[in-house]
Amino acid sequence: MTRHTPDQQGGLWQSPVWRWGRWPLLGFLVLRLIFWGLTFPNPDEAYYWLWGQHWDWSYYDHPGFQAWGQGLLTTLLGRSRFVLRLSNLLSTTLVVVTLHRTTTYLYGPQARDRVWLALLLVASSPLFFLFLALAWHDHWLIAFALLSSFYFVRFADASAKDRSGEAIDLMAEALFLGLAGLCKYTALLLGLSFAASLLSQRSLRRLYLDPRLYLALGLVVIVLSPIGVWNWQHEFFSWRFYGDRTSPTASDSLHWLQPLVFLGLCALILGPIQAWAIARQALSPTADLSPLRRTSVYPRLAWWLFGLSTGGFMALSLVSVALYYWNILAYPLLFPLLTDQFYGTTQAGVVWRRRPLAIAQGLGLFTAIALICHYNLIPLTASFTRADGDSAALYGWPQISALVRETADRLHQPLLLTTDYRSAAALAYSLNSPEVIALSGRLDQFDFWYQSPTMEGRDGVLRGESWHPICPAHQAMFDHTEPGKTLEIKRFGQVLQTYTLVLGYGFHAGPAGFPLRPDYPLAFTTDGENCRS
């Protein structure tokens, strides 16, 4: 353990935690840059990029903030991997700055060391390495949730102390809460945590009589209004999608072990040391706190958010599917508090625990390297068996797009079609063509871009693969088709996926809004993974 004086002489760069931790932080930075620069877009990254080429109020799967950013950046800077993930660089900068501001606010003189501890915990978490690196919706969600929470806490603490909370802090909290909601619907959990924090602290309940609170709520509604506009225009398909996705499964029995499986998976992906620190913090919170940290509403808010999110998804897993990354909002507010488990004061000075922190950095670096190999060299699942469909979908797009382009050159104004939204998005990005359409049994955003009048009667190239095969129902949508070509995608001699290309002539597009109708011939499964017999 390292000892230094509790008065924290010197700035951030004189911290002994920085002098030790700069090397793993530099390692994570280099790995992040390698990931951003080398990795072909994950199919969902390409999917959200494609949304940005079709401007709209919102979208079927998620709200529109990520898509709007992608559309703006692509318009200004063109299409490249750097531009695709430039928004991640911006959001990660916001996360770092906000964690620094939050830690400084809570711990005052101790913040010099604690901010580095918090950043080391974030950087070494496999969950946050991946989800701050992927151009999905989560990286903006995390940044806006941290910003909204910072301004909420500053307003609430001042209001509890002497009723001096400033309206500008409350409005900033509302603005960033609304922006978080424009990223993912799980931002609702943050809003509920704000409400629970006010209700559960006696000195803050009177804020429910403050008209400024309702003006802030109105601002949230205004910011979120694009979601309502899109759903009003499209028969509330987004909300119906999430209602169906979280509805109980057909089984009558409860899945009693699933909450434990969900919790264990969350702990593993977050990081064993981070999970250990959360458990210790929850069971034995330290009494060695700064005066503001001791009286602030921040710990109450952080634990409310953790409890509502984790408990809610554990309950959902009893009856339906709950994915580990849905719970990503449970952790960001806890990181400044978890520094208690690595930092403390004694009469001799200040001590910090290096061994568990070093274990976290080692595990995090190992996992980050493994993820980069998974995305760029060969899927990790291919080491044990045939690569799963999601992992295999990361590979082969230069070869696939070249074959599609070569085949399409035989046709006049061909339709470019695939059997799944993932492959359609990846092909669209690879070809830089936003006109690719998925013909799938799964309802997705492509079904809202389906334009029967402009597609009717045209010839097309249809691409399928062993995960989402070309079925007789697909081929029946053409007057006739040619025998298909196949393309095997291999890594180190191992076949990851087999793709099929079919030329079709005279496409029957059906009536307007065909994919949304119950008589759509491909609506035979929820995901289109199997052909109807």
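Which residues line the second largest cavity? In this predicted model, the lining consists of Val95, Leu99, Val122, Phe128, Leu132, Ile142, Leu146, Pro332 and Phe335. Helix 5 and helix 8 are the elements that give two or more residues to this lining. By class, the lining has nine nonpolar residues, no polar residues and no charged residues. The space inside the second largest cavity is about 40 Å³.

A search of the whole structure finds two cavities of 30 Å³ or more. The largest cavity has a volume of about 60 Å³. Its lining is made by Gly389, Ala392, Ala393, Trp397, Asp420, Arg422, Ser423, Glu465, Trp467, His468, Gln497 and Tyr499. Two or more of these residues come from each of helix 19 (389-392), helix 21 (421-431) and strand 9 (494-507). The classes are mixed here: five residues are nonpolar, four are polar and three are charged. In the second largest cavity, by contrast, polar and charged residues are absent from the lining.

Open space was examined as well. The second largest pocket holds about 680 Å³ of space. Its lining comprises 25 residues. Leu25, Leu29, Thr92, Val96 and Leu119 lie nearest the centre of this pocket. Helix 1 (16-38), helix 5 (86-107) and helix 6 (111-123) each supply at least two residues of the lining. Helix 1 gives the largest share, with nine residues. Of the lining residues of the pocket, 20 are nonpolar, three are polar and two are charged. Helix 5 thus appears in two settings: it contributes to the lining of this pocket, and it also contributes to that of the second largest cavity.

Helix 8 has a further role in the picture, in a helix pair. Two packed helices are described by the angle between their axes and the distance between the axes. The axes of helix 8 (residues 138-162) and helix 9 (residues 167-181) come within 8 Å. They cross at roughly 160 degrees. An angle over 145 degrees counts as roughly antiparallel, and helix 8 and helix 9 are therefore roughly antiparallel to each other. Their crossing is left-handed. On the side of helix 8, the contact is made by Leu141, Phe144, Ala145, Leu147, Ser148, Tyr151, Phe152, Arg154 and Phe155. Helix 9 answers with Asp169, Leu170, Ala172, Glu173, Phe176, Leu177, Leu179 and Ala180. This contact has 13 nonpolar residues, one polar residue and three charged residues.

A second pair involves helix 14 (residues 272-283) and helix 18 (residues 355-376). Their axes also come within 8 Å, and the crossing angle is roughly 140 degrees. Helix 14 and helix 18 are therefore oblique to each other. In helix 14, the residues in contact are Pro272, Ile273, Gln274 and Trp276. They meet Pro356, Ile359, Ala360 and Leu363 in helix 18. By class, this contact has seven nonpolar residues, one polar residue and no charged residues. The contact of helix 8 with helix 9, in turn, includes three charged residues.

Definitions and conventions
Residues are numbered from 1 along each chain as its sequence is written. This is a predicted model: local features need pLDDT of at least 70, side-chain atom pairs count only at pLDDT 80 or more; totals for chains, interfaces and linings use all residues. Side-chain values use heavy atoms; hydrogens and water are left out. Axes are lines fitted to C-alpha atoms, for helices over the stretch in contact, and angles run from 0 to 180 degrees between N-to-C directions. Helices (H or I, at least four residues) and strands (E, at least two) are DSSP runs, numbered from the N terminus. Angles under 35 degrees count as roughly parallel, over 145 as roughly antiparallel, 65 to 115 as roughly perpendicular and the rest as oblique. A crossing is left-handed if the near helix is turned anticlockwise from the far one by less than a right angle, and right-handed if clockwise. Contact means heavy atoms within 4.5 Å. Ala, Val, Leu, Ile, Met, Phe, Trp, Tyr, Cys and Pro count as nonpolar, Asp, Glu, Lys and Arg as charged, and the others, Gly among them, as polar. On a 1 Å grid over the protein atoms alone, a cavity is a set of points where a 1.4 Å probe fits but cannot get out, and a pocket is an open set with protein on both sides within 12 Å along at least five of seven lines; lining residues have an atom within 4 Å of a point. Grid points are joined across faces, edges and corners, and a volume is the space filled by probe spheres set on the points.
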